[in-house]
Amino acid sequence: MALQLAGEPRLAQQIREAAARGSLSHAVILSGRGDLAAAARFAAAAMECEGAGERPCGVCGPCRKVLKGTHPDVIAVEDTEHKNIAVEILRQKVADAYILPNEGRRKVYCFPDCSRLDPKAQNVLLKVLEEGPPHAAFLFCAENSAVLLPTIRSRAEEWKLAPGPEDVYSEDARRLCALLCGGETPAIVHFCVGLENSKMSREELRELLSSARSLLAAALAACYTGGGEKQARQMARQIGKRRLAAYIEILEGLARQCAYNISVGHLAGALAAALTA
């Protein structure tokens, strides 16, 4: 069975048909609020796939390497040292694009978050997008393609992900996670005191903790993939893998305790103590 792209059957079919025709574009913008990182991996796998049937097959050597993030010719363009991707990094990638692939069909450069590409950096890419070598391909991930210059958009094909479901994270869960990003102890304690004063039930508290835990898990995944929604990516950058894992463990434990006859006030106090320790 060919590789699937969860929640995106239309886009998966679009990519497969283009791969079958040999017409996968050298420059693609993946836009929308879905899992852009997964869509980029799927597209990159289609570009590198050596399977005999539908591409990407998900089982050939190149596909497996792309999905594990170990393919030497699928390169994530990132800059962990600066808020925006430095122009020098873009120039290095442009120069590298003219070198033949190590082992794959193409060299695929993935941009996990195009909001980190300022206009000056984007202009560095124009020539390689217009006149680059046939083996070079570029995947731009952007919730809103408008963050890219018109000159970039005119040189690329845009693939839109299907509209996502209603927000799966509660407003309070998002607020708690935003406070964890800020790391200010008084604000976190004030939030937890507010939970006690709100007179919520243990079940409502459990739902809040579970929702926040899910958002933290999405942020932890973003540490490895660079994808996901905006708040998850921000949390990945500001909190980091180790603290995210610790917060997830705390929320999981307290969510389980909500099943017992423990007061919300006691649980809220335990939450404040654990998160600010």
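A residue is called buried here when its relative accessible area is under 20%. In this predicted model, 47% of the 277 residues of the protein chain count as buried.

**Figure 1. Overall view of the predicted protein chain.** The protein chain contains 12 helices and five strands. Its C-alpha atoms fill a box of roughly 65 × 45 × 30 Å along the principal axes. Of the contacts between residues at least 6 apart in sequence, 73% join residues at least 24 apart. The accessible surface of the protein chain amounts to about 14,000 Å², and 51% of this area belongs to carbon and sulfur atoms. The side chains include 34 positive and 32 negative ones, with the centres of the two sets lying 3 Å apart.

**Figure 2. Close-up of the aromatic pair Tyr109 and Phe138.** A search of the whole structure finds two aromatic pairs. In the pair shown here, the rings of Tyr109 and Phe138 are stacked, with a centre-to-centre distance of 5.4 Å and an angle of 20° between the planes. Tyr109 belongs to strand E3 (residues 107–111) and Phe138 to strand E4 (residues 136–142), so the pair ties together parts that are 29 residues apart in sequence. Tyr109 and Phe138 are both buried.

**Figure 3. Close-up of the aromatic pair Phe111 and Phe140.** The rings of Phe111 and Phe140 are stacked, 4.8 Å apart from centre to centre and with 20° between the planes. This pair links distant parts of the chain, with Phe111 in strand E3 and Phe140 in strand E4, 29 residues apart. Phe111 has a relative accessible area of 2% and is therefore buried. Phe140 is likewise buried, because its relative accessible area is 0%.

**Figure 4. Close-up of helix H3 and its buried residues.** Helix H3 spans residues 61–68, and Pro62, Cys63 and Val66 within it are buried. These residues cover an arc of only 100° around the axis, and therefore lie on the same side of H3. An α-helix has 3.6 residues a turn, so residues three or four places apart point the same way. The packing partners of the buried residues of H3 are helix H2 (36–48) and strand E2 (74–76). Gly69 follows H3 and has a positive phi, near 80°.

Methods. Residues are numbered from 1 along each chain as its sequence is written. This is a predicted model: local features need pLDDT of at least 70, side-chain atom pairs count only at pLDDT 80 or more; totals for chains, interfaces and linings use all residues. Side-chain values use heavy atoms; hydrogens and water are left out. Helices (H or I, at least four residues) and strands (E, at least two) are DSSP runs, numbered from the N terminus. Buried means under 20% relative accessible area, exposed over 50%, partly exposed in between (1.4 Å probe, protein chains only). Contact means heavy atoms within 4.5 Å. Accessible areas come from the Shrake-Rupley method with a 1.4 Å probe; for residues, only the protein chains shown count as cover. Lys and Arg count as positive and Asp and Glu as negative; His and the chain ends are not counted. The place of a charge is taken as NZ of Lys, CZ of Arg, CG of Asp or CD of Glu. Rings of Phe, Tyr and Trp (its six-membered ring) pair if their centres lie within 6.5 Å; planes under 30 degrees apart count as stacked, over 60 as edge-to-face and the rest as tilted. The arc is that of the directions from the helix axis to the C-beta atoms.
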